[in-house]
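This report describes one protein chain for a reader who has not seen it before. The sequence and the structure come first, and the description follows.

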Amino acid sequence: GPFALLAVIAAKAGAKKVYAIEKNPEAAAMAKETVERDGWKGIIEVIEGDSMQVELPEKVDLVVSELIGSIATQEGVEPIIRDARRRFLKDPEPEEGAPCGM
């Protein structure tokens, strides 16, 4: 979103690098401004685009997603999360109960 809230929470929790993907161009621009203004530029990188089409510079340890609606299948989010898990995670087959499990 425009405030890169989940990215900032991840950075505050100790993430060394955070890639925040935002599909909405206006929200991405605002998120970039927020990241720079609040001093997170070296840690948080806002990437504008559809998460199912963008590439990350590197594989990641954890994927965090903002869900719209009360369950992942409600807004068609499940395929997006599965795609992110498959393409972005260092270990796309985490153990039971691990992050990004579905």
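## The β-α-β unit

Strand S1 (18-22), helix H2 (residues 25-37) and strand S2 form a β-α-β unit that is right-handed. The model described here is a predicted one. S1 and S2 run parallel and are joined by five bridges. Within this pairing, Val18 has Ile44 of S2 as its bridge partner, and Glu22 stands opposite Glu48 in S2. Of the five residues of S1, four are buried, so the strand is mostly covered.

## The chain as a whole

The protein chain contains three helices and two strands. Read from the N terminus, these elements follow the order α-β-α-β-α. The protein chain has 102 residues, and buried residues make up 32% of them. Its accessible surface is about 6800 Å², and carbon and sulfur atoms account for 53% of that surface.

Contacts within the protein chain can also be sorted by distance along the sequence. Taking contacts between residues at least 6 apart in sequence, 67% join residues at least 24 apart.

## Helix H1

Helix H1 covers residues 5-12, and its residues Ala7, Val8 and Ala11 are buried. Viewed down the axis of H1, the buried residues lie within an arc of 95 degrees, so they line one face of the helix. What do the buried residues of H1 pack against? They pack against S1 and S2, the two parallel strands joined by five bridges. After H1 comes Gly14, which has a positive phi, near 115 degrees.

## The segment before H1

Two residues of the segment before H1 are described here, Pro2 and Ala4. Pro2 is partly exposed, with a relative accessibility of 27%. Apart from its neighbours within four places in sequence, Pro2 is in contact with Ala27, Met30, Ala31 and Thr34. Pro2 and Val35 are 33 residues apart in sequence, and their C-alpha atoms are 9.8 Å apart in space.

Is Ala4 buried or exposed? Ala4 is buried, because its relative accessibility is 5% and the cut-off for buried is under 20%. Its backbone is also worth a note. Most residues other than glycine have a negative phi. Ala4 is not a glycine, yet its phi is positive, at about 50 degrees.

## Salt bridges

Side chains of opposite charge can pair when their charged atoms come close. How many salt bridges does the structure hold? It holds eight. One of them joins the side chains of Glu36 and Lys41, at 4.0 Å from N to O. Lys41 is exposed, with a relative accessible area of 56%. Another joins the side chains of Asp38 and Arg37, at 3.2 Å from N to O. In that pair, Asp38 is partly exposed at a relative accessible area of 43%, whereas Arg37 is exposed at 60%.

A further salt bridge is formed by Lys90 and Asp61, whose closest N and O atoms are 3.2 Å apart. This pair links distant parts of the chain, as the two residues are 29 residues apart. Lys90 belongs to the segment after helix H3 (77-88), and Asp61 to the loop between S2 (44-48) and H3. Both partners count as exposed: the relative accessible area is 53% for Lys90 and 63% for Asp61, and exposed means over 50%. Finally, a network of salt bridges links Glu55, Asp83, Arg86 and Arg87.

## Summary

The central points can be put briefly. The elements run α-β-α-β-α along the chain, and S1, H2 and S2 make a right-handed β-α-β unit. The buried residues of H1 pack against S1 and S2. Pro2, in the segment before H1, is in contact with residues including Ala27 and Met30. The salt bridges include the pair Lys90 and Asp61, which links distant parts of the chain, and the network of Glu55, Asp83, Arg86 and Arg87.

Technical notes
Residues are numbered from 1 along each chain as its sequence is written. This is a predicted model: local features need pLDDT of at least 70, side-chain atom pairs count only at pLDDT 80 or more; totals for chains, interfaces and linings use all residues. Side-chain values use heavy atoms; hydrogens and water are left out. Buried means under 20% relative accessible area, exposed over 50%, partly exposed in between (1.4 Å probe, protein chains only). Contact means heavy atoms within 4.5 Å. Accessible areas come from the Shrake-Rupley method with a 1.4 Å probe; for residues, only the protein chains shown count as cover. The arc is that of the directions from the helix axis to the C-beta atoms. Two strands pair if DSSP finds at least two bridges between them. A crossover is right-handed if, with the strands pointing away from the viewer, the path from the first strand over the helix to the second runs clockwise.
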